[in-house]
Amino acid sequence: TNLNDPWSLTFINKSKILISEKSGSLILYDKMTKKKISIPHNVRFNVSGQGGLLEVLKFKDDIYLCYSEDRGSGKSSTSIAKAKFSTTALNFKNIFQSEPPINSDYHFGCRMVIQDKQYLYASSGERGRGNIAQDPTQHPGSIIRIHLDGSIPKDNPKFKGKTNWQPEIYQIGIRNPQGMTLSPFNNKVYISNHGARGGDFFGQVKSAENYGWKIYCWGGVNYTGTKCGNVQEWDKRFTKPLYTWVPSIAVSAIKIYQGNEFKEWNGQILITSLKDQSLRKLEFKNDKEVINEKVIFKNKIGRLRDIKIDQKGKIYLLSNGDDALWVMKKNN
């Protein structure tokens, strides 16, 4: 308990967890001793609206941090930095900056996964700028794919026929993807996308494709209740989500479950939400179709911001409201 707006967690080892607080701290928590310390860092972040320190991810000896970077003159960007892990200080260096910096405190996206020990996927929200997500010469509203040092994979869309795309961009047409997961079963990357008043979705990340925002809003409407988008029905120009929510549940972090604690859930999708404060489970059929949705719990621990699964299959959740770290395990 007693966290301050927690946003993401990553496992350092069997006993230690690193937690990012949107307000600016990186907290190392020891499950065995129940002690927590704040690790100093050098990130030039901007805490405003939805911005701050966001996704944190450990891989080997490195820590990757996605955050809203203060770019000066009131502008900020979704940026990714990397540091060698240390309990005394984290000396981060940027490996990606979303361009252009924008004067907005909305829709940073900022989830990350690592695939094949060499590719870093990250989400860059459209910052409330709508159809900027249809402009591949700008990063906001896209899925980013880079190497772990920030260099550009040579099979990204830029080098496969999409010559006007920014080289880091892998997929476009996305509003505010606050969930991302790598399937341990098929090695594919999936996202959850936070729509407007409806049109939240779960879907696959696909090279050089377009999810349609804000031409198409996945069945949702504007916050004013008016029609959203230039077209009201999905068409073949756009990637089709695997599952949508209308009205919005404010979908956030996601995970495809693998573990022994809840063996019957292996291969199924766990979805967290902010607005209705629920943890949901989607049944996946042949990695292509969602055939059932079940609410596991709702309105119990506040707005669910992150979900991670340890090596034994226990489920860890971060919640806003009570600002706490929770663990789910079976009652024996």
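**Strand pairing and the largest pocket**

Strand 1 and strand 2 run antiparallel and are joined by 5 bridges in this predicted model. One register point is easy to pick out: Pro-6 has Glu-21 of strand 2 as its bridge partner. The two strands make a hairpin, with 4 residues sitting between them.

Strand 2 then pairs with strand 3 (residues 26–30), again in the antiparallel sense and over 5 bridges. Here Lys-16 stands opposite Asp-30 of strand 3. This pair is a hairpin too, with 4 residues between the strands. Its turn contains Gly-24, whose phi is positive at about 130°. So strand 2 has bridges to strand 1 as well as to strand 3. As for its surroundings, strand 2 (residues 16–21) is largely enclosed by the rest of the structure, because 5 of its 6 residues are buried, taking buried as under 20% relative accessible area.

Further along the chain there is an open sheet of 4 strands, paired antiparallel in the order 5-6-7-8. The edges are held by strand 5 and strand 8 (93–97); each has a single partner strand, so one side of each is left without a neighbour in the sheet. Ignoring direction, neighbouring strands of this sheet are turned by 35° against each other on average. At the strand 5 end, the pairing with strand 6 (residues 62–72) is antiparallel and covers 5 bridges. Within that pairing, Val-56 has Leu-65 in strand 6 as its bridge partner. Strands of a sheet pair through backbone hydrogen bonds, whether parallel or antiparallel.

Now for the pockets. The largest pocket comes out at about 1200 Å³ in volume. It is lined by 41 residues, and the closest to its centre are Phe-11, Lys-255, Ile-309, Asp-310 and Gln-311. Sorted by class, the lining holds 20 nonpolar, 8 polar and 13 charged residues.

Several strands feed into this lining. At least two residues each come from strand 1 (6–11), strand 5 (53–59), strand 9 (109–115), strand 13 (179–182), strand 17 (251–256) and strand 21 (303–309). Strand 5 gives the largest share, with 5 residues. That ties the pocket back to the pairings above: strand 1, one of the strands supplying the lining, is joined to strand 2, while strand 5, with its 5 lining residues, stands at an edge of the four-stranded sheet.

Note on methods. Residues are numbered from 1 along each chain as its sequence is written. This is a predicted model: local features need pLDDT of at least 70, side-chain atom pairs count only at pLDDT 80 or more; totals for chains, interfaces and linings use all residues. Side-chain values use heavy atoms; hydrogens and water are left out. On a 1 Å grid over the protein atoms alone, a cavity is a set of points where a 1.4 Å probe fits but cannot get out, and a pocket is an open set with protein on both sides within 12 Å along at least five of seven lines; lining residues have an atom within 4 Å of a point. Grid points are joined across faces, edges and corners, and a volume is the space filled by probe spheres set on the points. Ala, Val, Leu, Ile, Met, Phe, Trp, Tyr, Cys and Pro count as nonpolar, Asp, Glu, Lys and Arg as charged, and the others, Gly among them, as polar. Buried means under 20% relative accessible area, exposed over 50%, partly exposed in between (1.4 Å probe, protein chains only). Two strands pair if DSSP finds at least two bridges between them. Axes are lines fitted to C-alpha atoms, for helices over the stretch in contact, and angles run from 0 to 180 degrees between N-to-C directions.
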